[in-house]
Amino acid sequence: MGLETVTAQEWLDRVKQRASKLPNDLGDCVRRFELTPAGMPLEDIEAGYQKGGLSLGNDFRPKSLVTAVDGDLAVDGLVSTQGEDGNATLIVFGDLRCRSLINDWGSIVIVTGSLIADEWVYAAREDSSLIVGGNFKTPIFIGADIELTVGGILEADYAYGYATSLPESGQVYGKDKSLENRSWREIAARLGLGHEVTAEDALMQAIDLRVITTESLLPR
């Protein structure tokens with residue numbers, strides 16, 4: 001069964017009911033987010049809901065502004081919330097396995113299980129959030145000043161950013177979580193930007209431009 005188009009209110013009701021079955025720390029973390037764009041009337045928001053898992057042999061770019069998959073999501077290609085206006089929400093009530101992941105500005109990606117991206121994850125855009133209830137694993141993670149929240153084990157060979165654990169019940173922030181950070185020069189070299197980027201303050205601008213224009217962290 002494919003994604004079902006529902007009203008935003010019905011989507012919120014389903015998500016709330018599903019989140020109530022999560023462990024307290026993860027459920028609290030999900031509930032603290034405003035999952036629909038602030039200031040946008042619910043009747044203007046298209047929502048997508050998938051009953052059960054979803055497996056796709058190509059990329060996954062949700063057509064709806066807010067999307068939830070009630071089960072595992074397996075995507076052979078790219079998972080992306082990148083669009084013209086940002087402010088998208090993608091919730092996976094299960095594990096997410098993909099080749100790569102882009103999270104747009106003002107957007108929320110929540111994976112209640114584990115997130116494994118075979119190539120890279122880019123989640124560095126302003127006002128965005130990435131929450132993983134289980135383990136997080138990818139060769140390259142770019143987060144910069146955006147916090148990555150992980151409940152389980154965190155593995156990233158090249159990481160530029162920081163991470164915290166899930167907040168304990170009743171707390172707003174989680175504790176700092178070990179993340180193997182690389183220098184900006186190492187990151188630039190790994191992404192093929194070593195000759196182009198000669199100062200750290202130019203790194204994120206160069207990376208973001210590449211992601212916007214090519215939908216990839218790596219050179220094509």
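Helices (H or I, at least four residues) and strands (E, at least two) are DSSP runs here, numbered from the N terminus. With that convention, Tyr-49 falls in strand β2, which spans residues 46-51. The structure is a predicted model, in which local features need pLDDT of at least 70 and side-chain atom pairs count only at pLDDT 80 or more, while totals for chains, interfaces and linings use all residues. Residues are numbered from 1 along each chain as its sequence is written, and side-chain values use heavy atoms, with hydrogens and water left out.

Tyr-49 makes a convenient starting point. Its relative accessible area is 4%, so it is buried (buried means under 20% relative accessible area, exposed over 50%, and partly exposed in between, with a 1.4 Å probe and protein chains only). Between the C-alpha atoms of Tyr-49 and Leu-209 there are 31 Å, the two residues being 160 apart along the chain.

We turn next to the interior. A nonpolar core is taken as a set of buried Ala, Val, Leu, Ile, Met, Phe, Trp, Tyr and Cys residues joined through side-chain atoms within 4.5 Å. The largest such core has 28 residues, and Leu-130, Phe-136 and Phe-141 touch the most other members. Two or more residues of this core come from each of the strands β5 (73-75), β7 (89-92), β8 (96-102), β9 (108-111), β10 (115-122), β11 (129-132), β12 (136-150) and β13 (154-164). A second, separate core holds 22 residues, among them Leu-35, Tyr-49, Val-66 and Leu-166.

The surroundings of Phe-136 can be described through its contacts (heavy atoms within 4.5 Å). Neighbours within four places in sequence aside, Phe-136 is in contact with Leu-115, Val-121, Leu-130, Phe-141, Leu-148, Val-150, Ile-153, Leu-154 and Glu-155. Thr-138 also deserves a look: this residue lies in strand β12 and counts as buried, because its relative accessibility is 4%. With the neighbours within four places again left aside, Thr-138 is in contact with Ala-117, Glu-119, Trp-120, Val-121, Glu-155, Ala-156 and Asp-157.

Helix α2 (24-31) has four buried residues to consider, namely Leu-26, Gly-27, Cys-29 and Val-30. They cover an arc of only 160° around the axis, and therefore sit on the same side of α2; the arc is that of the directions from the helix axis to the C-beta atoms. The partners against which these buried residues pack are α1, β9 and β11.

Pockets were located on a 1 Å grid over the protein atoms alone: a pocket is an open set of points where a 1.4 Å probe fits, with protein on both sides within 12 Å along at least five of seven lines, and lining residues have an atom within 4 Å of a point. Grid points are joined across faces, edges and corners, and a volume is the space filled by probe spheres set on the points. The largest pocket has a volume of about 260 Å³. Its lining comprises 16 residues, with Pro-62, Ser-64, Leu-65, Thr-81 and Ala-88 nearest the centre. By class, this lining contains four nonpolar, eight polar and four charged residues (Ala, Val, Leu, Ile, Met, Phe, Trp, Tyr, Cys and Pro count as nonpolar, Asp, Glu, Lys and Arg as charged, and the others, Gly among them, as polar).

The second largest pocket encloses about 160 Å³. Its lining includes Leu-12, Val-15, Lys-16 and Ala-19, as well as Val-30, Arg-31 and Phe-33. Helix α1 (8-19) and helix α2 each supply at least two lining residues, and the largest share, four residues, comes from α1. Here six nonpolar, one polar and three charged residues make up the lining.

Towards the other end of the chain numbering, Arg-190 is found in helix α3 and counts as partly exposed at 35% relative accessibility. Beyond its neighbours within four places in sequence, Arg-190 is in contact with Ile-140, Tyr-158 and Leu-218. Arg-190 and Leu-217 are 27 residues apart in sequence, with 9.9 Å from C-alpha to C-alpha.

Two loop residues complete the description. Asn-87, in the loop between β6 (78-80) and β7, has a positive phi of about 60° although it is not a glycine, and is partly exposed at 29% relative accessible area. Asp-127, in the loop between β10 and β11, likewise is not a glycine yet has a positive phi, of about 65°; at 57% relative accessibility, Asp-127 counts as exposed.
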